[in-house]
Structure formats: C-alpha cells, structure tokens
Amino acid sequence: MAPGDSKIDVLIVGAGPAGLMAATWMARCGIRARIIDKRGTKIFNGQADGLQCRTLEIFDSFGFADRVWKESNHMLEICLWNPDADGNIRRSDRIPDTIPKISRFQQVVLHQGRIERFFLDSLKEHSDITVERGVLPEALIFDESLAEDVDTYPIDVTLQHLSEEELNPDQSQATNGTAKSDGLFRSNISADDTDDLLNRASQNAKTGTRETIKAKYMIGCDGAHSWTRRQLGYKLEGEQTDYVWGVLDIIPITDFPDIRMRCAIHSASSGSVMVIPRENKLVRLYIQMTTTERGGGKLDRSNITPQMILECAQKTIAPYKITYDYCDWWTAYQIGQRVGSEFSKNERIFLAGDAVHTHSPKAGQGMNVSMQDAYNLGWKIASVLNGTANRSILKTYQSERRRIAQDLIAFDHKFSRLFSGRPAKDVMDEAGISMEEFKDAFEKGNMFASGVAVNYGASVIVAKDGDAAEQGDGTDVSVKNPNGARVIGNAKLARNIKTGMRMPSFQVLNQADARPWQFQEMLKSDGRWRIVVFAGDVANASQMKRIKNLGSSLAAKDSFLYRFTPPGTSIDSIIEILTIHSSPRSETELFDFPDIFHPYSEKEGWDYWKVYVDDMSYHEGHGHAYENYGVDPGKGCLVVLRPDQYVGWIGEIEDVAEIARYFEGFMVQRT
Ligand code: FAD
C-alpha cells in the first residue's frame, strides 16, 4: 500500500529482525500492512549473528533457510579454555555446539544484515510490502473503546517522512581507525536519537511529508529504546548492570589453535573472551571491558576503541597472540537484563523483540527470540483479520512470549555471571566461579539456546493440563467439554510429541512418488492449521476401518472442517489434513485412503502431497518416524498443529467431537 493511503490493517514500526518477521507473516497471509523504519538503510554488517536451530526451522517454513545454511558458518564444537594449576590457559573440554538430534538443523552464524536481506527478498517475492525508510511515528492516539470491535481502526498514527539530511546517522564520535563500519551509534550505550530526529525534522523546512494513518493493529518492533513502548507508558523491569562488553569482528592473525571453534576462554586474572567463528574468514570476539565500568558515573564512550578491545583480548589469551589487519565491525554494549511488564495494549497495539526484552548478546539469543516473538504474533493477528479466528487468541501472545522472555533473562543472568566471573583457584575460593558449574550451565543452556525447548502453557489454543489457562486478566479461557471437563486430548498417544512444543521432524516418504521428506518441510508458514493423522498400520483391516470412519466424519457437510472453511474455497484452505501411515508403501495405494485425505479439485485433480509413509527410502535410509514420534502403529492418533507448527491438541482417531470443540474455542464459523 502506498504512503498517502489513510487506512491500513497493520502498521509495523521498526524493520529490524522482529519487524521483518511480522511483515513476512502479513505477506504470506495476504494482510494489508505497512512497515516503517527511521533509518535510511538496512544493516550491512556486524550486530547480531547467531541463529538457533529453531530459527532455521522457521526460516525453512518460509522457504529461505537454504540461503542461510549455504552462506553461514556452521557451529559444531564448543571448546572451553580455563587456567591450569600454573595459571596458564588450556583447553579443558570439547562439547557439541548443538545437542545432536534435537533438530534437522544445527546452530549457525551469519550477520544480521544478510538475515534482513533474506527477509526483504522474501517480502518482495510474496507481496508488495516494502520497508518505508526514513519514516517514523510522531504521535499516537488509541481509542480503547473500539478495541473489541473487530472491524474498526482504533489507532491513529502521525508519520514523519525524513529528508536525506536527517537520514544519515551521526557517527562523528566514532573513534575507529580501521573498521569499515562501527556499531556504536546503534548501541545501547549511545543515547536514542528518535526524539532528536523528530526535532530536527520539525525545524527543517525541507523535511518530507507528514501523514496521518488509521490502523486496526500496530506492532512496535522499534528496538530497546522503543518509541511505541514509551507512548503506551510501559516500562522494562529489571537490572541495568555496569558491565560493558566490547565486540570486534576481525579476520584474526593468531596462533591460538581453536580460533575456528566457538570458545569460552576464562583467564586466571585477565578477564574472559568468547570466540565466535564467522562467515568469510571473520571471527567475532566478545570481551568484557573491565577497564570501562561506569561505577555510578556516566560512561565515556570515546574511551572505547577497537584497539582497546583487542588489547583486552590479547591479555586474556596470552601466551597466544592475536591481532588483525582487517576489522569489519565493532561495538560496545552495556549489559541490561530487563523484561516489559506488558506486551500489548488491549490486544491492538503490540510490542515485540528488544522493545520488550533486553539482555546480553553473548548467548546469541537476541535476534532469535525477537524474531520468534513476531513469529508467534504474526499469524494470530492475520487469522483475526482474515476472519478465521476470534480475538481471544491474541491474548496468548503475552501469556506465551512473556514467559519465554523471563526464562531468557534468567538464563542470561546465570550465563553472564558465570562467563564474566574470575575462575575459582580451588574449591575453597568462594569468590571465584567453578569451571565445572560453568560447563554444566553451558551444556544445559544449549537446550534452551537451541530454541526447540520452548513449551507454551495451556490456553485456548494449547489443549493440555496446567495453570497457564489463566490469562493475564484472570479469565480461564480453556475450552470445555459438555461435561465441564477441559479439552486436553490424550497426550500419551504420541510419547515424543509434546502439546505446547513445536512438532519435531523425521523423515517420511510421499506415498504417491516415494520421495523422502523431512516431515517439517510439509508444515509451511502459510497461516493454515493442520491435523496430522497418524493412521498406523492400515494394512490391518480393522485399523483401516477406523481411518475410513474418520474420513466419513471429516467429509460430512456439517463437520468442523466445512463449518470453518469459507464457502467457495478449497477444503484445505483453513485446516489441512496430512497423513502418515506405517504399512509398507508398496502394499498401499493413495486411493485406499478416504478422498478427504487427498482432496480432488476440478482444475488440478487429486492432491498427491498429503499422504506419507514411514518406510525405507531408496537412497536416504529409513526415518523410523513412528518410533521417533513415539506413536504405536497399532493405534495411531491425531495431532493438531497451529500455523506456527506448535502442537495444539493430541487425541484418539475417534476423538473428532473433541477436536471440533477445540476449534470451536477460537475459530469463526463460516457456514
Ligand atoms: P532492532 O534490531 O533493534 O530493530 C529495531 C528497528 O527499529 C531498527 O531498524 C530501528 O532503526 C527501528 N526504529 C527504532 N526506533 C524507531 C522509531 N521510533 N521509528 C521507526 N523505526 C524505529 N544479538 C545477538 O544475538 N548477538 C549479537 O552479537 C548482538 N550484537 C548487537 C550489537 C548491537 C550494537 C545491538 C544494538 C544489538 C545487538 N544484538 C545482538 C541484539 C540483536 O541485534 C537484537 O536483539 C535484535 O536485533 C532485536 O531485533 P529487533 O527487531 O527487536 O530490534
């Protein structure tokens, strides 16, 4: 939609990783959205770099993980270096970087600028949404009384379009001799320039246009200094520490043997360094700048130079040597660990990413968790706007993501303390950090840091036992059966599929053409819900009878599938049925399954991409999907997946009435 149009469904403020993820959902779900950013350009180098395996799974569901996988540096091993009895650093441990088998991807590193590029290309391919740069909001008026009326535009925002003059950030204080680019002007130790930009624009006669737009929804993805958060009067709660960390992206010249491994190096008394090997021969060094602690006074940022960061690193890794000829980027950070008290205003204006949580960069979580906030939120807003779901699902954004942000802060707090502390000399040295404890935290932290451990609590869209059905306003929103019992399905039917967690992936074969696929590849982020039918051993006549009965229930014209699908659209446009059976592929035919499992269309015939089998492939082995998912082939089960691949409900093949009640809890009936 072009600037000048006065109404929009979703306004996204900020085109960092969180904002671009939100825009990507809008593009895939056909929502009218605008995304604005105060900066004149995207990021080109430096800043965040680590990508969790869960983030790669998400990128794959949007179709661009392959680009990241190809360009990134793959992280396979972590080496821990500690002082020995004589105080010299030595390698004490090697551990796998990503816990084997938790995902089909492993952690990789690639700088934020490339990630933003992939999002921008994807937006271009799938929509006409483009980032409007040099545009920032100046005023926000929100009419709370209209919040629950779905068709209204309760948000009024005045946007300021900056001129070229205001667009170029002031880097005059950068003290960088060699770096092509420094990140201090974006760092949290520099004052936020939003108000300054707006002031300058108001005094500049040449400033571009000002426009007022009306929006149904607004998402503030405007970073740690969030203007949107300030307008809502919300605060980040937690600590702002005195610790300052320096970050240096260099091509290292060194004799340190593990420079191409991720390393945590604790020296006896000269601080700690984290080494992150990067793409294009680069290596990132994170160094705690013990010499620049604020101690209550204001930090003088002109104290921090790349040379000074390097000198700190040199002391830590002595007697090994490190220097560089080429520095790609550098910055300095002040560590704060804070979470927003509120993630939304009346489920109309939302905050995501750094706007609602800040923490240290060392665990490589910032960009990931920020994108995953928007990944959790985007489809929910799109479903309400498209008339698929009612507004109750929007409350689950805060109930699901605030807990993740709190877990992240707790993890970061522990990890930072262990990383920043001086190693203990022996067991009697209570002021020092136990290196065993550090290793233990690192290993346990790896599960959390992979992103696959996220487990959302019970809610209107997560049917399981648990307290979290109580939403922020104290309402129990869980769905009930006619006897008053909560809809919670029967999670025992799939031992390794957990309600509230993302669907794991194992190899299955397409029944129609024998091609092996990772099952997650079928779970595209296109806004659709999915029912996975674990049909079991359908060669057994009684099992096949159960599947045929299921097919008849689903195909009945009054079934929930038809009730929630808009007339005139294909039967899989809102809820798609995917089947995995466990009988030999060569003894089974696609057409053995009820038609509704592989729907027919006048224009394209039968759908050959809906029925899969757990069997041996010709070239890629056997996925053992039933064993890995923990499903008994003699019984089978049904699994409901949300559009973000998280498991909403698990139950028996006969539990069609309960699935219907699950969907009735939040879906809008269309017929
Ligand atoms: P951001 O990336 O901050 O994006 C916010 C966007 O909003 C920006 O493009 C900004 O220009 C725009 N914006 C802000 N205010 C306005 C406004 N009023 N109007 C319009 N647009 C606005 N994380 C790691 O995991 N590893 C790292 O090494 C690492 N290094 C970092 C170094 C620096 C200097 C910084 C600042 C952050 C670093 N992070 C790192 C954190 C990581 O970059 C963030 O967690 C992640 O970028 C958060 O994404 P976001 O989209 O929420 O916010």
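Asp526, Arg528, Arg530, Asp572, Glu576, Asp607 and Lys610 are linked in a network of salt bridges. The model is predicted. The structure holds 40 salt bridges, while the count of disulfides comes to zero. Arginine 391 and a nonpolar surface patch are also covered below.

**The salt-bridge network**

- Two pairs from this network are described here: arginine 530 with aspartate 526, and aspartate 572 with lysine 610.
- In the pair of arginine 530 and aspartate 526, the closest N and O atoms are 3.2 Å apart.
- Arginine 530 is buried, at 2% relative accessible area.
- Aspartate 526 is partly exposed, with a relative accessibility of 28%.
- In the pair of aspartate 572 and lysine 610, the closest N and O atoms are 2.7 Å apart.
- Aspartate 572 sits in the loop between α13 (560-563) and β23 (575-581), and lysine 610 sits in the loop between β25 and β26, so their salt bridge ties together parts that are 38 residues apart in sequence.
- Aspartate 572 is buried, with a relative accessible area of 13%.
- Lysine 610 is buried as well, at 3% relative accessibility.

**A salt bridge between two strands**

- Side chains of opposite charge can pair when their charged atoms come close.
- Glutamate 77 and arginine 94 form a salt bridge through their side chains, at 2.8 Å from N to O.
- Glutamate 77 belongs to strand β5 (residues 77-83) and arginine 94 to strand β6 (residues 89-96), so this pair ties together parts that are 17 residues apart in sequence.
- Glutamate 77 is partly exposed, with a relative accessible area of 23%.
- Arginine 94 also counts as partly exposed, at 45% relative accessibility.

**Arginine 391**

- Arginine 391 lies in the loop between α9 (366-385) and α10 (395-420).
- Despite its charged side chain, is arginine 391 buried or exposed? Arginine 391 is buried, because its relative accessible area is 8% and the limit for buried is under 20%.
- Its side chain makes a polar contact of 2.9 Å with the side chain of glutamate 148.
- A polar atom of the arginine 391 side chain also lies 3.1 Å from the backbone oxygen of glutamate 347.
- Leaving aside residues up to four places away in sequence, arginine 391 touches Ala147, Glu148, Val150, Tyr217, Asn346, Glu347, Arg348 and Val384.

**Cysteines**

- How many disulfides are there? The count is zero.
- Cysteine 263 is in no disulfide, and the nearest cysteine sulfur, that of cysteine 79, is 4.9 Å away.
- A disulfide needs the two sulfur atoms within 2.5 Å, and the sulfur of cysteine 79 is 4.9 Å from that of cysteine 263.
- Cysteine 263 is buried, with a relative accessible area of 0%.
- Cysteine 637 is buried too, at 0% relative accessibility.

**A nonpolar surface patch**

- Phe591, Tyr608 and Trp609 form a nonpolar patch on the surface.
- Together, these three residues have about 340 Å² of accessible area.
- Tryptophan 609 is in the loop between β25 (605-606) and β26 (611-613).
- The loop between β25 and β26 also holds lysine 610, which pairs with aspartate 572 in a salt bridge.
- Tryptophan 609 is part of the surface patch, whereas lysine 610 is buried.

Notes: Residues numbered from 1 in each chain as written. Predicted model: local features only at pLDDT ≥ 70, side-chain atom pairs only at ≥ 80, totals over all residues. Heavy atoms only, no water. Patch = residues over 30% accessible without salt bridge, like charges linked within 9 Å, V, L, I, M, F, W, Y side chains within 5 Å. Areas by Shrake-Rupley, 256 points an atom, 1.4 Å probe, with all protein chains shown as cover. Salt bridge = Lys/Arg side-chain N within 4 Å of Asp/Glu carboxyl O. Helix = DSSP H or I, 4+ residues; strand = E, 2+ residues; numbered from the N terminus. Buried < 20%, exposed > 50% of the residue type's maximum accessible area, 1.4 Å probe, protein only. Polar contact = N/O pair within 3.5 Å; in protein donor to acceptor, adjacent residues only side chain to side chain. Contact = heavy atoms within 4.5 Å.
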